[in-house]
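Let's take a walk through this structure together. Have the sequence and the 3D view open, and we'll go from one stop to the next.

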Amino acid sequence: MTIRPVNSPPIELQMETRSLQPLVVEISSFLDASDCQHIIDKALPHIKKSTVKHMDHDVGKPDANWRTSSTYFMPSDDDILRRVDERVSALSLIRKSHQELAQILRYQPGEKYVAHNDNFDVEMYAKNKQIQSLTKQGLFNR
């Protein structure tokens, strides 16, 4: 397939379905080695231990019960990252203005992230003011 990012030449990609359940698609040549190294170099100073939002009945339990990785939500604040955003937009057909920040993850040997869904029952977080604010008291959810 060919994608046509804004202000960039077309990019020929090969896509291969690796799994249907869960859906996993491998996309070749989306990032080159220099793009990857740039992302690593830029994110590394900012990566911190990952956190989780606790359901009301899990408040006080360690985040490591669910997640032991490290993460950084990276803004697209340079030309390379803005070009990556344009590629994402061209591939997904989602405007840049509707994209989230890139989540850069680092897993050391033995680290984990327990399977989960990004949508949730807001009532399970009734005491979490941040979740209630982000979801407008449950009116909006992924």
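We'll begin with a single residue, K49. With a relative accessibility of 52%, K49 counts as exposed, because the cut-off for exposed is over 50%. Keep in mind as you look around that this is a predicted model.

K49 has a partner. Its side chain meets that of E111 in a salt bridge, 2.8 Å from N to O. This pair links distant parts of the chain: K49 sits in strand β5 (residues 48-49), while E111 is in the loop between β7 (102-106) and α3, 62 residues apart. E111 is partly exposed, with a relative accessible area of 21%.

Both of these residues also touch S70, which has K49 and E111 among its contacts beyond its close sequence neighbours. Others on that list include I47, K48, S50, I104, L105 and R106. You'll find S70 in strand β6. Is S70 buried or exposed? At 5% relative accessibility, S70 counts as buried, since the limit is under 20%.

Now zoom out for a moment. The protein chain has three helices and seven strands, and along the sequence they come in the order β-β-β-β-α-β-β-α-β-α. Its C-alpha atoms fill a box of roughly 50 × 35 × 35 Å along the principal axes. Of its 142 residues, 25% count as buried. Among the contacts between residues at least 6 apart in sequence, 53% join residues at least 24 apart.

Next stop: helix α2, residues 79-92. Its 14 residues reach 20 Å from the first C-alpha to the last, close to the 20 Å expected at 1.5 Å a residue. Just at its start, a side-chain oxygen of D78 comes to within 3.1 Å of the backbone nitrogen of I80. At the other end, α2 is followed by L93, which has a positive phi, near 65 degrees.

Which residues of α2 are buried? They are L81, V84, D85, E86, R87, S89 and A90. What they pack against is a mix of strands and helix: β1 (2-3), β2 (11-12), α1 (33-43) and β6 (70-74). So β6, the home of S70, turns up again here. Helix α2 also holds a salt bridge of its own, between R82 and D79, whose closest N and O atoms are 3.0 Å apart. The two are three residues apart, about one turn of the helix. An α-helix has 3.6 residues a turn, so residues three or four places apart point the same way. D79 counts as exposed at 51% relative accessibility, and R82 as partly exposed at 35%.

There are nine salt bridges by this count. Another one joins the side chains of R18 and E26, at 2.5 Å from N to O. E26 is partly exposed, at 36% relative accessibility.

Stay around those strands for a different kind of surface. M1, M15, L20, L23 and V25 form a nonpolar patch, with about 530 Å² of accessible area together. β3 (15-20) and β4 (23-27) each supply at least two of the patch residues. M15, in strand β3, is partly exposed at 45% relative accessibility.

We'll finish at helix α3 (residues 129-134), where Q132 lies. Q132 is buried, with a relative accessible area of 13%. From C-alpha to C-alpha, Q132 and C36 are 36 Å apart in space, and they are 96 residues apart in sequence.

Methods. Residues are numbered from 1 along each chain as its sequence is written. This is a predicted model: local features need pLDDT of at least 70, side-chain atom pairs count only at pLDDT 80 or more; totals for chains, interfaces and linings use all residues. Side-chain values use heavy atoms; hydrogens and water are left out. Patches are made of residues with over 30% relative accessible area and no salt bridge: like charges are joined within 9 Å, nonpolar side chains (Val, Leu, Ile, Met, Phe, Trp, Tyr) within 5 Å. Accessible areas come from the Shrake-Rupley method with a 1.4 Å probe; for residues, only the protein chains shown count as cover. A salt bridge is a side-chain nitrogen of Lys or Arg within 4 Å of a carboxyl oxygen of Asp or Glu. Helices (H or I, at least four residues) and strands (E, at least two) are DSSP runs, numbered from the N terminus. Buried means under 20% relative accessible area, exposed over 50%, partly exposed in between (1.4 Å probe, protein chains only). The expected span of a helix is 1.5 Å times one less than its number of residues. Contact means heavy atoms within 4.5 Å. A polar contact is a pair of N or O atoms within 3.5 Å; within protein, one must be able to donate a hydrogen and the other to accept it, and residues adjacent in sequence count only if both atoms are side-chain atoms.
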